[in-house]
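Reader: Could you take a close look at one part of this model for me, and then follow the thread out to its surroundings? I'm at the bench, so plain words are welcome.

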Amino acid sequence: MKDAALLLLAEDDELDVMLLRRALKSVELPNPVEVVHDGQEVMEFFQQRLTQPDLPLPALVVMDLKMPRRDGLQALEWIRSRVELRAVPVVIFSSSAHRHEVRKAYELGANAFLVKPPSLGERAEIARFLKDWLRLNRTALDELGSRVG
Amino acid sequence: MLPASTPADGPTGPRSAEHLPPMPDPSIPSHLPTAAFLAAIIDGSDDAIVTKNLQGIVTSWNRGAERVFGYRPEEMIGRPILTLLPPDRQDEEKHILARLQRGERVEHFETRRVRKDGRLIEVSLTISPIRDANGAVIGASKIARDVTELKQARDRLQRHAAELELKVRERTARLEESLAELEAFSYSLSHDMRAPLRAIQSLTEIVVEDYGERFPEGVPLLKRVIGSAARLDRLIRDVLSFAQLSRTDIPLAALSADAVVRDILRERPEYHPPHADIVVEGELPPVIGHNASLTQCLANLIDNAVKFVSPGVTPVVRIFGERTGDRVRISVRDNGIGIDQQNRQRLFEIFQRLPSSSGYEGTGVGLAIVRKAVARMNGTVGVDSAPGLGSTFWLELPAVTP
């Protein structure tokens with residue numbers, strides 16, 4: 001059986017990275033997690049993947065909004081502008097849910113919008129949601145994967 | 001008072017009341033018994049009434065004309081009407097004469113004329129052809145009204161309106177700028193202040209989780225750190241939702257206050273026995289409002305009613321509604337600590353926490369949110385209370401009229 005697909009986490013705050021990793025570990029998420037630190041690195045990550053078709057695309061991108069160089073919305077817009085990446089699921093994970101931002105994120109093609117909770121308990125709940133989502137949800141990438149593989 | 005030289009072909013028109021009856025006027029058929037009477041009316045008019053022939057020569061000049069243009073009759077009768085036209089408007093006479101010759105009237109034509117003293121005045125002209133017995137146009141009567149003051153007043157009014165418009169636009173722009181700043185402020189508040197708070201709370205929780213067993217005596221202190229951080233986070237969220245209340249559009253519609261209250265009660269286990277005794281008496285009348293806002297208001301009121309009881313007392317809360325005319329009042333009565341008279345006014349202001357409320361959880365924003373949200377739904381809020389006797393908080397909203 002092949003390895004579980006990658007979860008790409010785009011987050012500039014080391015503490016948030018640590019907290020989410022911890023929460024994902026506590027719910028025993030089988031997928032490996034790779035971390036990039038801003039929107040620019042998200043684009044570089046995908047550009048590299050696209051030049052190496054043997055590397056699979058991530059099963060899910062979890063992305064902060066407020067990041068240096070390129071923010072989450074800019075990275076999301078870029079992802080959705082690439083035909084090959086349009087079907088990659090992207091979950092926004094932001095410290096606030098400003099209603100304009102939520103709307104903009106969905107307009108640009110986000111698949112979910114989650115707000116970073118203050119407590120560990122709620123963060124574990126979000127980790128469980130991501131795990132269940134990865135387990136239960138069918139994505140276009142599955143279809144792509146079965147055709148290619 | 002007669003003109004020194006009366007032009008051979010020029011009639012002396014009506015001039016002044018003292019001269020009644022006027023000199024026989026060849027242009028007015030003498031068999032008309034009302035000629036003198038008409039002449040008196042013309043002479044008494046405030047407007048300048050002038051006649052001229054088709055060559056544009058003035059043939060009569062009333063007292064109004066004398067006042068409006070400053071020329072005496074003897075100075076104008078027999079002279080060209082062009083005397084009254086400013087140099088840049090001399091062409092007008094040509095067009096007027098052309099229209100008269102076609103038998104047309106010129107009505108309320110606004111233009112400028114020049115007085116004897118050289119001053120320009122604004123006039124409104126009405127010019128009609130005069131015909132002979134066979135119907136041929138032989139001249140024109142011209143009524144000129146001095147509208148200088150009217151026009152100045154109108155111009156002033158327009159200028160004021162324009163200035164006002166400009167001022168409103170400037171102020172609106174400034175207001176929009178402040179709103180945008182406020183928006184940016186609340187954005188950074190939510191992002192930049194909540195991030196370190198999250199760090200404090202989460203890291204302390206990790207310490208408790210991972211090392212709490214090794215340092216059990218420190219755990220209660222760390223839990224207080226966690227609680228404080230959580231409270232500050234709640235405060236920031238409350239302030240943000242208060243700030244958003246003034247900007248968000250809230251569409252108003254008929255809704256069931258009864259369903260709103262019952263939904264709130266259903267969702268919270270602490271609103272049920274043995275924690276609390278809460279009863280909705282009868283069915284609350286429907287109101288005109290905004291579902292999410294009304295939910296927030298009533299949830300805050302119920303939350304307060306349950307919260308502010310003396311230690312060891314089980315909250316007893318009664319919720320009831322009554323319709324008076326076109327208003328519906330929804331009341332939440334509790335058996336809490338009550339509020340004294342002098343503090344009742346401050347209660348609905350933001351960040352006001354009464355001395356009696358120390359020892360109770362809260363951010364001091366809840367009732368401010370209620371007041372603002374109710375105001376945005378065209379309603380009012382209030383409280384009846386006495387220390388030790390509980391409080392009845394109420395809100396009034398427009399009733400649904402059939």
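Author: Let's settle one word before the tour: buried means under 20% relative accessible area, exposed means over 50%, and partly exposed is in between, using a 1.4 Å probe and protein chains only. This is a predicted model, where local features need pLDDT of at least 70, side-chain atom pairs count only at pLDDT 80 or more, and totals for chains, interfaces and linings use all residues. Residues are numbered from 1 along each chain as its sequence is written, chains are lettered from A and ligands numbered from 1 in the order written, and side-chain values use heavy atoms, with hydrogens and water left out. Helices (H or I, at least four residues) and strands (E, at least two) are DSSP runs, counted from the N terminus.

The part I'd pick is helix 5 of chain A, residues 120–136. The expected span of a helix is 1.5 Å times one less than its number of residues. With 17 residues, this helix should therefore cover 24 Å, and its end C-alpha atoms are indeed 24 Å apart. Its buried residues are L120(A), R123(A), A124(A), I126(A), A127(A), L130(A), W133(A) and L134(A). What do they pack against? Within chain A, the partners are strand 1 (7–10), helix 1 (14–26), strand 3 (60–63), strand 4 (90–94) and strand 5 (112–115), and chain B adds its own helix 5 (148–211).

Take one neighbour from that list: V115(A) sits in strand 5 of chain A. V115(A) counts as partly exposed because its relative accessibility is 30%. Leaving out residues up to four places away in sequence, V115(A) is in contact (heavy atoms within 4.5 Å) with F93(A), S94(A), S95(A), S96(A), A97(A) and I126(A). I126(A) is one of the buried residues of helix 5 of chain A. The C-alpha atoms of V115(A) and I92(A) are 8.1 Å apart, although their positions lie 23 residues apart along the chain.

Now for the other chain. Across the interface, 19 residues of chain B meet 19 residues of chain A. Together the chains bury about 1,800 Å², 49% of it on carbon and sulfur atoms; buried area is the accessible area (1.4 Å probe) that two parts lose on being put together, summed over both. Y187(B), H191(B) and R198(B) supply 34% of what chain B buries against chain A, more than any other three residues.

There's charge here too: the rule finds three salt bridges across the interface, each a side-chain nitrogen of Lys or Arg within 4 Å of a carboxyl oxygen of Asp or Glu. One of them pairs E209(B) with R22(A), at 2.9 Å from N to O. On the chain B side, helix 5 and helix 6 (219–245) each supply at least two residues that touch chain A. Helix 5 of chain B gives the most, with 15 residues.

One last stop in chain B: strand 9 (residues 316–324) and strand 10 (residues 327–333) run antiparallel, joined by seven bridges, and two strands count as paired if DSSP finds at least two bridges between them. Those strands form a hairpin with two residues between them, and G325(B) in the turn has a positive phi of about 60 degrees. Beside the turn, T324(B) has R327(B) as its bridge partner.
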